[in-house]
Amino acid sequence: MAGPMEHEPHGTHQTKKATASGWIGSALEYYDFFIYATAASLIFPQIFFPSGNPTVAIVASLATYGVGYVARPIGAFFLGHWGDTHGRKTVLLVCMFLMGFSTMAVGLLPTYQQVGMLAPALLVLLRLIQGFAVAGEISGASSMILEHAPFGRRGFFASFSLQGVQAGQIFAAAVFLPLAHYLPTEAFNSWGWRIPFLLSVVVIIAGYIIRREVEETPAFAEEGAHGAVPRAPIVQAFAQSWRDMLRVVGMALMNVIPVVTAIFGAAYAVQPGYGIGFHKDIFLWIPVLGNILAVVVIPVVGNLTDMIGRRPPIIVGAIAAGLLSFGYLYSISIANVPLAITMSLLMWGVVYQGYNAVFPSFFPELFPTRTRVTSMAIAQNVGTTITALLPALFASVAPPGSTNVPLTIGAITFAVTLVAAAAAWSARETYRIHLSDLGEPNAVPVDKAVYDRMRTQAASSPDVAGISA
């Protein structure tokens, strides 16, 4: 049985700084990513695509959203390699600059009416750059926090990287809310939608200031000191961890829940072709309220996984969220705003966090330090890419004028969440395994009584004092 300090990296652990960097960086970067998602649902069909056929415009606009995810596996190969060979800190800075500049450029694009098909072509190109950049964010931030966090508290601290993602979504919708509400439609369609994209200059400045303050993780530093930094982490990842990478791909399919809520759900509720008639600023409150609740729930679930393990919340959350998707879409179909908000709060704000709060610790814990960022980045982004293509599929199998939209889309969603639950069930538990032993299939977990004592001691250490669930 491992002793209390055995198999844990030595060196300076900057838990608070790493957590703050991960939270703020994820919030800023995903603000960029999700203002595009919001605009793709609410405004891009009207200004970047031919307006003669509303179905074609909606499908094309949602497809450009999915294009960003197509670039993510490519970005994962490059940025994962960078994170495992040059360090977690440097890859996060690269991600930040790429995302910030590409998002600002979207705000400067001409419309279809001005330049014709060049407009959607440029939109697709910038979305590809966005997708490439974001591919290394969560795997890099999660690995950095995990490797700085004390044993017994990894789930709690790693969850803050996803709390930052939810906060970024709140910022994205919150910027659109006053613009959509107060600006006349003509002004919003011509220049108002550009403001959130141009504000991304804040990402570039703030991100650099914040992330330059965090030191490289002790685990990565030890790998370098021992000459264990791989020259080809991609090759090692596939050779040694392909089974766990497949499990991560399956679990990452849970991204279908935010896709249904914020992307297809938004188009279904708002676009005139579906005839539901939700006002844009009313529907924007649904993801805002859901994410506000998620910000509260995420660290609670993260802390829970340090007590009971990573697998149970993912399995329960996947099945329950899939079932709730039927009710959410039905509430939109009957144009019941209070019910739609309630179902969103349950599905996205609470139940989905059983997965969302857990994967930032569970995914990197399945892999060894030397290939952690690469393995997680590639596998997670392949899974999310598959689900990101679903909005266009949803709009194709349930186009404007269709009947039984909630049943059709709900059934597909539930089937996908069952796959995610099965993938989690097949994975090994990791929460009581020392950091240096992670990724080893035969690693022996610390005895539960010893683990609980170590977890209590970690909560009172100077580096994490004052932070609790």
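This passage walks through some helices, the nonpolar cores, the aromatic pairs and a few single residues of the structure. The model is a predicted one, so everything below is about computed values.

A good place to start is helix α22, which runs over residues 405–426. With its 22 residues, α22 reaches 32 Å from first C-alpha to last, close to the 32 Å expected at 1.5 Å a residue. Quite a few of its residues are tucked away: V405, P406, I409, G410, T413, V416, T417, A420, A421, A423 and A424 are buried. These buried residues cover an arc of only 155 degrees around the axis, so they sit on the same side of α22. Over on the other side of α22, L407 and W425 are exposed. And what do the buried residues of α22 pack against? Their partners are α13 (233–252), α14 (256–270), α16 and α21 (390–397).

One of those partners, α16, deserves its own look. Helix α16 covers residues 311–333, which makes 23 residues. Its end-to-end reach, again from first C-alpha to last, is 34 Å, close to the 33 Å expected at 1.5 Å a residue. Helix α16 has a kink of about 25 degrees, and the kink is centred on L324. L324 itself is buried, and so are P313, I314, G317, A318, A321, G322, S325, Y328, L329, S331 and I332 in this helix.

Right after α16 comes a small backbone oddity. Most residues other than glycine have a negative phi. A335, just after α16, takes a positive phi of about 55 degrees, although A335 is not a glycine. A335 is found in the loop between α16 and α17 (337–351). Is A335 buried, exposed or something in between? With a relative accessible area of 40%, A335 counts as partly exposed, because buried means under 20% and exposed means over 50%. N404 is another such case: its phi is near 60 degrees, a positive value in a residue other than glycine. N404 also belongs to a loop, the one between α21 and α22. At 53% relative accessible area, N404 is exposed.

Next come the nonpolar cores. The largest nonpolar core has 104 residues. Which residues have the most contacts inside this core? They are F44, F48, W193, F197, M251 and Y355. M251 shows what such a contact list looks like: leaving out residues up to four places away in sequence, M251 touches I314, Y355, F362, F363, L366, A420, A423 and A424. Among these, I314 is one of the buried residues of α16, while A420, A423 and A424 are among the buried residues of α22. There is also a second, separate core of 8 residues, which includes V91, C95, A141 and V214.

Aromatic rings turn up in pairs as well. A pair of aromatic rings is described by the distance of the centres and the angle of the planes. The count for this model comes to 17 aromatic pairs. In one of them, W193 and F197 meet edge-to-face, with 5.7 Å centre to centre and 80 degrees between the planes. W193 counts as buried, at 0% relative accessibility, and F197 is buried too, with a relative accessible area of 0%. Elsewhere, F264, Y268, Y274 and F394 form one aromatic cluster.

Finally, a few single residues give a feel for distances along the chain and in space. Y36 sits in helix α1 (residues 15–42) and is buried, with a relative accessible area of 0%. Y36 and A172 are 136 residues apart along the chain, with 8.8 Å between their C-alpha atoms. A18 also lies in helix α1, and with a relative accessible area of 1% A18 is buried. Which residues is A18 in contact with, leaving aside its neighbours within four places in sequence? They are M144, I145, H148 and V214, and V214 is part of the second core. A18 and W348 are 330 residues apart in sequence and 27 Å apart in space, C-alpha to C-alpha.

L345, in contrast, is found in helix α17 and is partly exposed, at 25% relative accessible area. Not counting residues up to four places away in sequence, L345 touches L289, G290, L293 and V350. The C-alpha atoms of L345 and G25 are separated by 25 Å, with the two positions 320 residues apart along the chain.

Key:
Residues numbered from 1 in each chain as written. Predicted model: local features only at pLDDT ≥ 70, side-chain atom pairs only at ≥ 80, totals over all residues. Heavy atoms only, no water. Phe/Tyr/Trp six-rings, centres within 6.5 Å; stacked < 30°, edge-to-face > 60°. Buried < 20%, exposed > 50% of the residue type's maximum accessible area, 1.4 Å probe, protein only. Helix = DSSP H or I, 4+ residues; strand = E, 2+ residues; numbered from the N terminus. Expected span 1.5 Å × (residues − 1). Bend = angle between axes of the 7 residues up to and from the residue. Arc of directions from axis to C-beta. Contact = heavy atoms within 4.5 Å. Core = buried A, V, L, I, M, F, W, Y, C linked by side-chain atoms within 4.5 Å.
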